[in-house]
Amino acid sequence: QVQLEESGGGLVEAGGSLRLSCTASGDIFRIGVMGWFRQAPGMQRELVADISGGGLTNYANAVKGRFTISRDDVKDTVYLQMNSLEPEDTADYYCAMGLSPRYEFDVWGQGIQVTVSS
């Protein structure tokens, strides 16, 4: 079994920055795609950004130019650097990873809260 542990959330003022981290542990053979999702109250969960095993990145339009996703395959960790945060970024953020070469998210973290005050 693979477990994901997120860290780095919290409360920040609008315009500020936060860096989320998510580390995998357990029975890891390989990790493919890594990604971050978010869910605001009353809203559906949405993809924020993902990064392939080869390093190709993909971002939601709402965060392009402000957020950066990166990965460290030695540490089995994915990061999300969030700059110029806006109150609309307030949500629970979830990391997810795939355990095969396919674009599929097989394991999920428990979520971490990010609150941006205006």
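This report walks through the disulfide, some strand features and the salt bridges of a predicted model.

## The disulfide

Let's start with the cysteines. The structure holds one disulfide, and the residues it joins are C22 and C95, with an S to S distance of 1.9 Å. This pair ties together distant parts of the chain: C22 sits in strand 3 (residues 18–26) and C95 in strand 9 (residues 91–97), 73 residues apart.

Both C22 and C95 are buried. The torsion about their S-S bond is about 40°, so the disulfide is right-handed.

## Strands 1 and 3

Strand 1 (residues 2–7) has a neat alternating pattern. V2, L4 and E6 point to one face and are buried, while Q3, E5 and S7 point to the other face and are not buried. Strand 1 runs antiparallel to strand 3, and six bridges join the two. One of the partners to look for is G26 in strand 3, which is bridged to V2.

Strand 3 also contains S21. With a relative accessible area of 16%, S21 counts as buried because the cut-off is under 20%. Leaving aside residues up to four places away in sequence, S21 touches E5, E6, S7, W36, V78 and Y79.

## E13 in strand 2

Strand 2 (residues 10–13) includes E13. E13 has 60% relative accessibility and therefore counts as exposed. Not counting residues up to four places away in sequence, E13 touches V116 and S117. Along the chain, E13 and S117 are 104 residues apart, yet their C-alpha atoms are separated by 4.8 Å.

## The salt bridges

Side chains of opposite charge can pair when their charged atoms come close. The model has six salt bridges, and a network of them links R38, E46, R66, E86 and D89.

R38 is a good place to begin. Its side chain meets that of E46 in a salt bridge at 2.8 Å, N to O, and R38 also meets D89 at 2.9 Å, N to O. The R38 and D89 pair links distant parts of the chain: R38 is in strand 4 (residues 34–39), and D89 is in the loop between strand 8 (77–82) and strand 9, 51 residues apart. R38 and D89 are both buried, with R38 at a relative accessible area of 8%, whereas E46 is partly exposed at 38% relative accessibility.

R66 and E86 form another salt bridge, at 3.9 Å, N to O. R66 lies in the loop between strand 6 (57–59) and strand 7 (67–72), and E86 in the loop between strand 8 and strand 9, 20 residues apart. R66 is buried at 11% relative accessibility, while E86 is partly exposed at 32%.

Note on methods: Residues numbered from 1 in each chain as written. Predicted model: local features only at pLDDT ≥ 70, side-chain atom pairs only at ≥ 80, totals over all residues. Heavy atoms only, no water. Disulfide = S-S within 2.5 Å. Helix = DSSP H or I, 4+ residues; strand = E, 2+ residues; numbered from the N terminus. Buried < 20%, exposed > 50% of the residue type's maximum accessible area, 1.4 Å probe, protein only. Contact = heavy atoms within 4.5 Å. Pairing = 2+ DSSP bridges. Salt bridge = Lys/Arg side-chain N within 4 Å of Asp/Glu carboxyl O.
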